[in-house]
Amino acid sequence: MKYLIAIVFLVGICHVRTEDDFFPDYIQPCDLKEEEFTKCVKQQIEDSLPHFSKGIPELGVPSVDPVNLDDITIDGNGLKLKFNKAQMHGLSHTMLTKLKVDIGQEDERFNLGIIANLSLTAKYNADGKILILPIKGDGDAVITCKNIEVEINSKLSHIKSSKGLHFKLVTPNYKYDIQSTTFEFENLFNGNKQLADATLQFANENWRQLMDDLAPPVVKQIVKTIVKAINKFFSKVTINRIVNGYKQTS
């Protein structure tokens, strides 16, 4: 009996899936030689986005919704505004707007565009002026961005492992645009509703001036999170698992 138990145990070990042998069944390789290669890649990314946003633990890809953000500080033009314990929500509902993949040539590049409605939750501390109107308070904050578009353009490099050749996004740059933003700050002016309502109305009417300072560090962290998740996936999956007919040119 003890020998039977030992055999069953060994068989079980042999069938345990690890990061090295796991491959998502919702991802199918695209043929580089086919005319509709980009269309195939676009379809694979669209099918994979919900899984990436929730995380793929078998490949070590973390969830990106919510995204934990570093502290954000605005200090200038008469305003001191700090956010801590900040989280960005909504990347799980991202939609693809642009995709261009240039591989199989000397200069390989990856261009990705996404759009989403995102919200930031945080603890805030504010003191100073928004343009001409005073603001003072601390408490919970919610910042809602409607239709924020981010486009990431990155060079593709290669990494070798014992399993084969892998892609890696390097030196990514990005641009972004936001359709509109609304601010909610609790406990402004120690709960004075009249002053708080007037300040929030003014802030929401002049949201772009505030976002000129607030958006860059937030978007930078979002892009960093997306690139990190993509590279984690690439590091676990060889090129020949996702692209048929690929040959390294340099």
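**Close-up views of a predicted model**

**View 1. Lys220, Lys224, Lys228 and Lys232 form a positive surface patch.** The model shown here is predicted. One member of the patch, Lys220, sits in helix H4, which covers residues 207-236. How exposed is Lys220? Its relative accessible area is 55%. Exposed means over 50%, so Lys220 counts as exposed.

**View 2. Phe183 and Phe185 make a stacked aromatic pair.** Six aromatic pairs turn up in a search of the whole structure. In the pair formed by Phe183 and Phe185, the ring centres lie 6.0 Å apart. The planes of these two rings differ by 20 degrees. Planes under 30 degrees apart count as stacked, which is why the pair has that label. Are the two residues buried or exposed? Phe183 is buried, with a relative accessibility of 3%. Phe185 is buried too, at 7%. Buried means under 20%, so both values qualify.

**View 3. Four residues form one aromatic cluster.** Which residues belong to the cluster? They are Phe83, Tyr124, Phe183 and Phe185. Phe183 and Phe185 are the stacked pair of the previous view.

**View 4. Lys168 lies in strand E8.** This strand runs over residues 164-185. Lys168 is partly exposed, with a relative accessibility of 36%. That value falls between the 20% limit for buried and the 50% limit for exposed, so the label is partly exposed. How far from Thr121 is Lys168? In sequence, 47 residues separate them. In space, the distance is 31 Å from C-alpha to C-alpha.

Conventions: Residues are numbered from 1 along each chain as its sequence is written. This is a predicted model: local features need pLDDT of at least 70, side-chain atom pairs count only at pLDDT 80 or more; totals for chains, interfaces and linings use all residues. Side-chain values use heavy atoms; hydrogens and water are left out. Patches are made of residues with over 30% relative accessible area and no salt bridge: like charges are joined within 9 Å, nonpolar side chains (Val, Leu, Ile, Met, Phe, Trp, Tyr) within 5 Å. Accessible areas come from the Shrake-Rupley method with a 1.4 Å probe; for residues, only the protein chains shown count as cover. A salt bridge is a side-chain nitrogen of Lys or Arg within 4 Å of a carboxyl oxygen of Asp or Glu. Lys and Arg count as positive and Asp and Glu as negative; His and the chain ends are not counted. The place of a charge is taken as NZ of Lys, CZ of Arg, CG of Asp or CD of Glu. Helices (H or I, at least four residues) and strands (E, at least two) are DSSP runs, numbered from the N terminus. Buried means under 20% relative accessible area, exposed over 50%, partly exposed in between (1.4 Å probe, protein chains only). Rings of Phe, Tyr and Trp (its six-membered ring) pair if their centres lie within 6.5 Å; planes under 30 degrees apart count as stacked, over 60 as edge-to-face and the rest as tilted.
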